[in-house]
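Student: I am new to this structure. Can we go through it by asking what each label rests on?
Tutor: Yes. Here it is.

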Amino acid sequence: MKECKKCEISVGNGAKKCPLCGSPLTGSDEGETRFFPIAPKERNRYIFFKAELLLFWGVFLAIILITLVVDPRNFFGKNFLILIWLIIGEVTFISVFRSHGYIPGIIFRCAIAGMLALGFSSLWYPEVIPIIPSPLIPLLILNFIAALGGRDTNVVMCFTANLGAIVFSFVVVVLILKDIHIIIWQVCFMIGFFTLIGILIFRGRTLFQELKKRLHR
């Protein structure tokens, strides 16, 4: 019986790739006649996920009720920001939970979550704005590495994310901050630009093929 380390399942019937994620299988399937994958840990994962989801909604609703009882006029104050953090954290947790322990993907998702959390925090605390590129810069670099990672990488998404980061950096510096001398945003813009060019150089053909397929759907 062969195994998929990413999905933590066992697959038989001479399969070479995982039926769930497409990753190469390891091990030997000699003497095995089963076809369907076996996932003995899936039930425990399901119970853990439901328990975490129950905890999240309990805390989320408790904060809303406390805010409405104690200070209903200030509902969109700091407590509302905490609710946004909880939502970002929960969405990130679900995404990481379903990534089956793929480390680059986990880092990628956490970087996005950090950027979003800082971005929303800046609405209440403007002094946070210069810190936003801190997770954005490693996100761009990881995005570039992911684009070069292999055939299964979604190059279109990597390209779109880097392009969005460039536009985002330009809008923040020029239109919102109105100060083009903020070095960290300039660094963020330049890294986004060069990683974008790198994707076009190394994975340009794959990118255009994927775009062509999507446009013809």
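Tutor: Start with a definition. Accessible areas come from the Shrake-Rupley method with a 1.4 Å probe. By that method the chain exposes about 14,300 Å². Carbon and sulfur atoms supply 69% of this exposed area. Keep in mind that this is a predicted model.

Student: What pattern does the chain follow along the sequence?
Tutor: The pattern is β-β-α-α-α-α-α-α. The chain has six helices and two strands.

Student: How many of the residues count as buried?
Tutor: Of the 217 residues, 31% do. Buried means under 20% relative accessible area, and exposed means over 50%.

Student: Why is Leu-25 called buried?
Tutor: Its relative accessible area is 12%. The cut-off for buried is under 20%. Therefore Leu-25 counts as buried.

Student: Where does Leu-25 lie, and what is in contact with Leu-25?
Tutor: Leu-25 lies in the loop between strand S2 (9-11) and helix H1 (42-70). Leaving aside neighbours within four places in sequence, its contacts include Lys-2, Cys-4, Val-11 and Cys-18. Leu-25 and Lys-5 are 20 residues apart in sequence, and their C-alpha atoms are 7.7 Å apart in space.

Student: What makes Thr-92 count as buried?
Tutor: Thr-92 has 14% relative accessibility. Buried means under 20%, so Thr-92 qualifies. Thr-92 sits in helix H2 (residues 78-97). Not counting residues up to four places away in sequence, Thr-92 touches Arg-109, Cys-110 and Ala-113.

Student: How do you know that the side chain of Thr-92 makes a polar contact with the backbone oxygen of Ile-88?
Tutor: The side chain of Thr-92 reaches that oxygen at 2.7 Å. A polar contact needs a pair of N or O atoms within 3.5 Å, one able to donate a hydrogen and the other to accept it. The 2.7 Å value is within that limit, so the distance condition is met.

Student: Thr-195 is in helix H6. Is Thr-195 buried or exposed?
Tutor: Buried, because its relative accessibility is 8% and the cut-off is under 20%. A polar atom of the Thr-195 side chain lies 2.8 Å from the backbone oxygen of Ile-191. Beyond four places in sequence, Thr-195 is in contact with Leu-140, Phe-144 and Asn-162.

Student: Why is Leu-215 called exposed?
Tutor: Leu-215 has 72% relative accessibility. Exposed means over 50%. Therefore the label fits. Leu-215 is in helix H6 (residues 183-215). Leu-215 also helps to make a nonpolar surface patch of about 1,100 Å². Other members of that patch include Leu-148, Met-190, Phe-193 and Ile-197.

Student: What makes a set of residues a nonpolar core?
Tutor: The residues must be buried, of a listed kind such as Leu, Trp or Cys, and joined through side-chain atoms within 4.5 Å. The largest such core here has 14 residues. Leu-136, Trp-185 and Cys-188 have the most contacts inside this core. Helices H3 (103-124), H4 (133-147), H5 (155-177) and H6 each give two or more residues to this core. The largest share, four residues, comes from H4.

Student: Which residues is Leu-136 in contact with, leaving aside neighbours within four places in sequence?
Tutor: Met-115, Ala-165, Phe-168, Ser-169, Trp-185 and Cys-188. There is also a second, separate core of nine residues. Among them are Cys-158, Phe-159, Ile-166 and Leu-196.

Key: Residues numbered from 1 in each chain as written. Predicted model: local features only at pLDDT ≥ 70, side-chain atom pairs only at ≥ 80, totals over all residues. Heavy atoms only, no water. Patch = residues over 30% accessible without salt bridge, like charges linked within 9 Å, V, L, I, M, F, W, Y side chains within 5 Å. Salt bridge = Lys/Arg side-chain N within 4 Å of Asp/Glu carboxyl O. Buried < 20%, exposed > 50% of the residue type's maximum accessible area, 1.4 Å probe, protein only. Contact = heavy atoms within 4.5 Å.
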